[in-house]
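This note is addressed to a colleague who is meeting the structure for the first time. The numbered points below follow the display and may be read beside it.

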Amino acid sequence: MTTHHNWFFRDDADHKAASDSEALGGSGSASGLPVGGSSAGGPLVIFDLDGVISDASRRQHFLSGERKDFRGFFLAAVDDPPLAAGQALAASVSADHTVAILTARPFYVVDNTRNWLAVNDVRHDLLILRPQRGEGVHSASADFKRRELHRMWDAGYEVTVALDDDERIIDMYRSEGVFALYIHSGYYEH
Ligand SMILES: [Mg+2]
């Protein structure tokens, strides 16, 4: 069992009940979505969150001014609508694969983010955000995600495919030999 403090498995704590019923009932979760994955390694798919599963278009204005309001930007994520295509892609991943959501959101929105994923029935087994302290809090997103990718490998996961809407992240995955799919959100055009 991996114990990184910025890794949250869906069947931890408040999701335990759904996991128990799944063990009894077989292939489905309480929401009817397939739930697979494992905290012990195996095949894994990485999804980015903002611009891939969560529609962050209505809060881009927090980042457009002279002084970027990152806190306002991240706190407003609770009101994002889900992106139907990303939701469907996550739901389509076969049950023997772990669905990991790897986001560069800061640690202070972890509860908001877990609630949002639950309310919107997003298929996922593992959520990874930036850590609360230490390396990764302020590093470039690509450096943060590269480090977490290596931690996944160290934990015994085989990363089958990774999806992101930031070309710098796509470049990082490809430089690490990971098959990566670019999703166009338009958030990174200047
Ligand atoms: Mg994104």
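Which residue with a positive phi follows H5? The residue is Gly156, and its phi is near 95°. The points below describe the chain as a whole and then turn to H5 and its surroundings.

1. Overall arrangement. The model is a predicted one. Its protein chain contains six helices and six strands. In sequence order these elements give the pattern β-α-β-α-α-β-α-β-α-β-α-β. The chain has 190 residues, of which 32% are buried. Among contacts with a separation of 6 or more, 71% join residues that stand 24 or more positions apart.

2. Helix H5. This helix comprises residues 141-154, 14 residues in total. From the first C-alpha to the last, H5 reaches 20 Å, close to the 20 Å expected at 1.5 Å a residue.

3. The two sides of H5. Phe144, Lys145, Glu148, Leu149 and Met152 are the buried residues of this helix. Viewed down the axis of H5, they fall within an arc of 140°, and they therefore line one face of the helix. His150 and Asp154, on the other side of H5, are exposed.

4. What covers H5. The cover over the buried residues of H5 includes four strands, namely E2 (42-47), E3 (98-102), E4 (126-128) and E5 (157-164). Helix H6 (167-175) is also included in that cover.

5. The packing of H5 against H6. The axes of the two helices come within 9 Å and cross at roughly 35°. The crossing in which H5 passes H6 is right-handed. On the H5 side, the contact is made by Ser141, Ala142, Lys145 and Arg146, and on the H6 side by Arg168, Ile169 and Met172. These contact residues of H5 and H6 divide into three nonpolar, one polar and three charged. Lys145 belongs to this contact and is also listed among the buried residues of H5.

6. Helix H6. Its buried residues are Ile169, Ile170, Met172 and Tyr173. Around the axis they cover an arc of only 160°, so they lie on the same side of H6. The cover over these residues includes H5, E5 and strand E6 (180-182). Ile169 and Met172, both buried, also take part in the contact with H5. Just after H6 comes Gly177, with a positive phi of about 80°.

7. Asp121. This residue lies in the loop between helix H4 (110-119) and E4. Its phi is near 55°, a positive value in a residue other than glycine. Asp121 counts as partly exposed because it has 15 C-beta neighbours inside 10 Å.

8. Pro106. The loop between E3 and H4 holds this residue. Pro106 is partly exposed, since 18 other C-beta atoms lie within 10 Å. Leaving aside neighbours within four places in sequence, Pro106 is in contact with Phe74, Leu129 and Arg130. The C-alpha atoms of Pro106 and His138 are separated by 9.0 Å, although the two residues are 32 residues apart along the chain.

How values were computed:
Residues numbered from 1 in each chain as written. Predicted model: local features only at pLDDT ≥ 70, side-chain atom pairs only at ≥ 80, totals over all residues. Expected span 1.5 Å × (residues − 1). Buried ≥ 20, exposed ≤ 12 C-beta atoms within 10 Å, placed from the backbone. Arc of directions from axis to C-beta. Contact = placed C-beta atoms within 7 Å. Axes fitted to C-alpha atoms, helices over the stretch in contact; angles between N-to-C directions. Left-handed = near helix turned anticlockwise from the far one by under 90°. Nonpolar A, V, L, I, M, F, W, Y, C, P; charged D, E, K, R; others polar.
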